[in-house]
Amino acid sequence: MSMRMAEEESSEEVHVPGEIDWQMLDKSKFFFLGAALFSGVSATLYPVVVLKTRQQVAQSQVSCINTAFSLIKGEGFRALYRGFGTSLMGTIPARALYMAALEVTKSNVGTATVRFGLGEPTASAVANAAAGLSAAMAAQLVWTPVDVVSQRLMVQGCCDSGNPKASAFRYINGIDAFRKILSNDGLRGLYRGFGISILTYAPSNAVWWASYSVAQRMVWGGVGYYLSKGNDNATNSALRPDTKTMMAVQGVSAAVAGGMSALITMPLDTIKTRLQVLDGDENGRRGPTIMQTVRSLVREGGWMACYRGLGPRWASMSMSATTMITTYEFLKRLSAKNQEVLT
């Protein structure tokens, strides 16, 4: 029994179209349309990422609004998109790798868990968690070097004078930053923070996808109850939500999952960002260790310093989760080989 069949059979209160799995997708359309759609989403959310990154490397607590005004006043609106070209060029292959790993793992693990006799809700949560974990680990092979380069560009100018551990290099663009980091630190410099990136994003993605599966099921239960009250003469199996209702449920579920994931993994993300951006005290070429970074944060503002940038990250991850999942589900429906399965 496939995951899709199990989902359709378990939908007693609301008729929701089944999951579109890997075998049902037109791969060329999936990756081409995905690159275009997610590039637009990334462009919309990029300024929030810049603000979050600047807050994380600051040596004192500064509000998001003050950071934004200071950045625009001192460097202009273009500073909100500093490093975006590099991020976009890296995000396209990373996102393709992420989506492929996600769908292949979800399809295979979902089918296996159902065969092992797990209930559909449990099987769905396990499959989503495993898919998120594998997708994050695969994508970090591309995302870590892109993060290192783009974050160096994001913070350039904000902490050159105020932070003695800021990188001494000035970068003209992404290619120049890539060349200088590779020349000075070698390949290891481009993968600075790779280990903690895996520790941050792999569990975060596993929690997010599992939470999304559970939250979506709970929200659909509420929607089914609401629709059934207004449709007393119809059976539960006849209730068919429209496209707007489906997108709303997906968006709310994604926002809840994204917010919780941001809160849980915030300290790891702050440490990761500092490892990738700042240089060490004794040997700037090697960069600080994880423990040196933690001690530095605690000295600057106690343990709450690990939560600097939580507001922008919470907003970024919630908005990103909402837009990404609605875009992603829309993309999968556009890329389905047989459009009749969607009804």
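**Exercise 1.** Work out whether Lys52 is buried or exposed, and which residue forms a salt bridge with Lys52.

*Solution.*
Step 1: Start with the accessible area. Lys52 has a relative accessible area of 9%, so Lys52 is buried (buried means under 20% relative accessible area, exposed over 50%, partly exposed in between, using a 1.4 Å probe and protein chains only).

Step 2: Now look for a partner. Asp269 makes a salt bridge with Lys52, and their closest N and O atoms are 3.2 Å apart (a salt bridge is a side-chain nitrogen of Lys or Arg within 4 Å of a carboxyl oxygen of Asp or Glu).

Step 3: Check where the two sit. Asp269 belongs to helix H9 and Lys52 to helix H2, 217 residues apart, so the pair links distant parts of the chain (helices are DSSP runs of H or I, at least four residues, numbered from the N terminus).

Step 4: Check Asp269 too. Its relative accessibility is 1%, so Asp269 counts as buried.

A quick note on the model: this is a predicted one, where local features need pLDDT of at least 70 and side-chain atom pairs count only at pLDDT 80 or more, while totals for chains, interfaces and linings use all residues. Residues are numbered from 1 along each chain as its sequence is written, and side-chain values use heavy atoms, leaving out hydrogens and water.

**Exercise 2.** Find the salt-bridge partners of Glu75.

*Solution.*
Step 1: Glu75 pairs with Arg54, with the closest N and O atoms 2.9 Å apart.

Step 2: Glu75 also pairs with Arg82, and here the closest N and O atoms are 2.7 Å apart.

Step 3: Compare their surroundings. Arg54 is buried at 7% relative accessibility, Glu75 is partly exposed at 27%, and Arg82 is partly exposed at 24%.

**Exercise 3.** Describe the largest nonpolar core and name the helix that gives the most to it.

*Solution.*
Step 1: The largest nonpolar core has 30 residues, and Trp208, Trp209 and Tyr328 have the most contacts inside it (a nonpolar core is a set of buried Ala, Val, Leu, Ile, Met, Phe, Trp, Tyr and Cys residues joined through side-chain atoms within 4.5 Å).

Step 2: Helices supplying at least two residues each include H2 (27-57), H4 (84-115) and H8 (194-229). H4 gives the most to this core, with 6 residues.

Step 3: Zoom in on Trp209. Leaving aside residues up to four places away in sequence, Trp209 touches Tyr98, Leu102 and Tyr328, among others (contact means heavy atoms within 4.5 Å).
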